[in-house]
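Thank you all for coming; I would like to walk you slowly through one structure this morning. Please take a moment to look at it before I begin.

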Amino acid sequence: GLRRTPAVRWMTRPGAPGRLPPLFPSGAGLRNPKPMDEGLPYASLVHAALREKEISLKQILLKLNEQLYEETPANIFVTFFLALYNLKTGELQYASAGHSKPLLLSAAGNATYLEAGGMPLGMDDNDFFATTIEVQKVKLAPGDLFLQYTDGLSEAMNAAREQFGYERMQTELQALRGKGADTVLHSLAQAVEKFTGTRLDQPGPSALSDDIALVCLKRQGDV
């Protein structure tokens, strides 16, 4: 279902297991986790790190990785995306731990993939994990739109087992130039439904191969 804050909109497919909604502590902090093993009880780790008001996105990821690496089985790891948005300047800082590349739709209608990378949480100790994590920065101009998602979107399959794919995502987003965050989320959901022939708003287990979560942020105008 659709959720909102003054700056951000997000959507998850109801009934999707293992998915946590984004966090927005005191403004617009974003995190979008993707557990590789369902039912992983890591929510408390995220909340604990945020309660300590760490100012470094990389330090938060290091803390999460340390705990996950020490406390979870070797077959459990988590892709993770963490971002901090400045409501006044439009600057977005983000760090990715093996998560999907976010999309930036400019006010002019150009949709481009941003750098991401990083190693998923829990795969290796911090000595190596730290070398893979890099904090990126992008400044949203008025009218720009930022989209993050889980790979359930890009890998959604139709009856012919064709994936929705990154190129189709980019094309669909470019067609939504000038639209608000709510409209973008609903339009992308409808595009996936049309492509796969599967409704996303049905409760319970989905016919899709993976769950879908979307986070959308649009800078309105000069603050």
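When I speak of strands and helices, I mean runs assigned by DSSP, with at least two residues for a strand and at least four for a helix, numbered from the N terminus. Please keep in mind throughout that what you see is a predicted model.

Counted in that way, the chain holds ten strands and six helices. Of its 223 residues, 49% count as buried, and the accessible surface of the chain comes to about 10800 Å², with 50% of that belonging to carbon and sulfur atoms. If we take the contacts in the chain with a separation of 6 or more, 66% of them are between residues 24 or more positions apart.

Let me turn to one residue, Thr-79, which lies in strand 4, the stretch covering residues 78–85. Is Thr-79 buried or exposed? Its relative accessibility is 9%, and because buried means under 20%, Thr-79 counts as buried. The side chain of Thr-79 also makes a polar contact of 3.1 Å with the side chain of His-99.

My last stop is helix 6, residues 181–196, where a simple check of length is possible. With 16 residues at 1.5 Å a residue, helix 6 should span 22 Å, and since its end C-alpha atoms are 23 Å apart, the two values agree. The buried residues of helix 6 include Val-184, Leu-185, Leu-188, Ala-189 and Val-192, and Asp-182 and Glu-193 are also among them. Just after helix 6 comes Gly-197, which takes a positive phi of about 75°.

Note on methods
Residues are numbered from 1 along each chain as its sequence is written. This is a predicted model: local features need pLDDT of at least 70, side-chain atom pairs count only at pLDDT 80 or more; totals for chains, interfaces and linings use all residues. Side-chain values use heavy atoms; hydrogens and water are left out. Buried means under 20% relative accessible area, exposed over 50%, partly exposed in between (1.4 Å probe, protein chains only). A polar contact is a pair of N or O atoms within 3.5 Å; within protein, one must be able to donate a hydrogen and the other to accept it, and residues adjacent in sequence count only if both atoms are side-chain atoms. The expected span of a helix is 1.5 Å times one less than its number of residues. Contact means heavy atoms within 4.5 Å. Accessible areas come from the Shrake-Rupley method with a 1.4 Å probe; for residues, only the protein chains shown count as cover.
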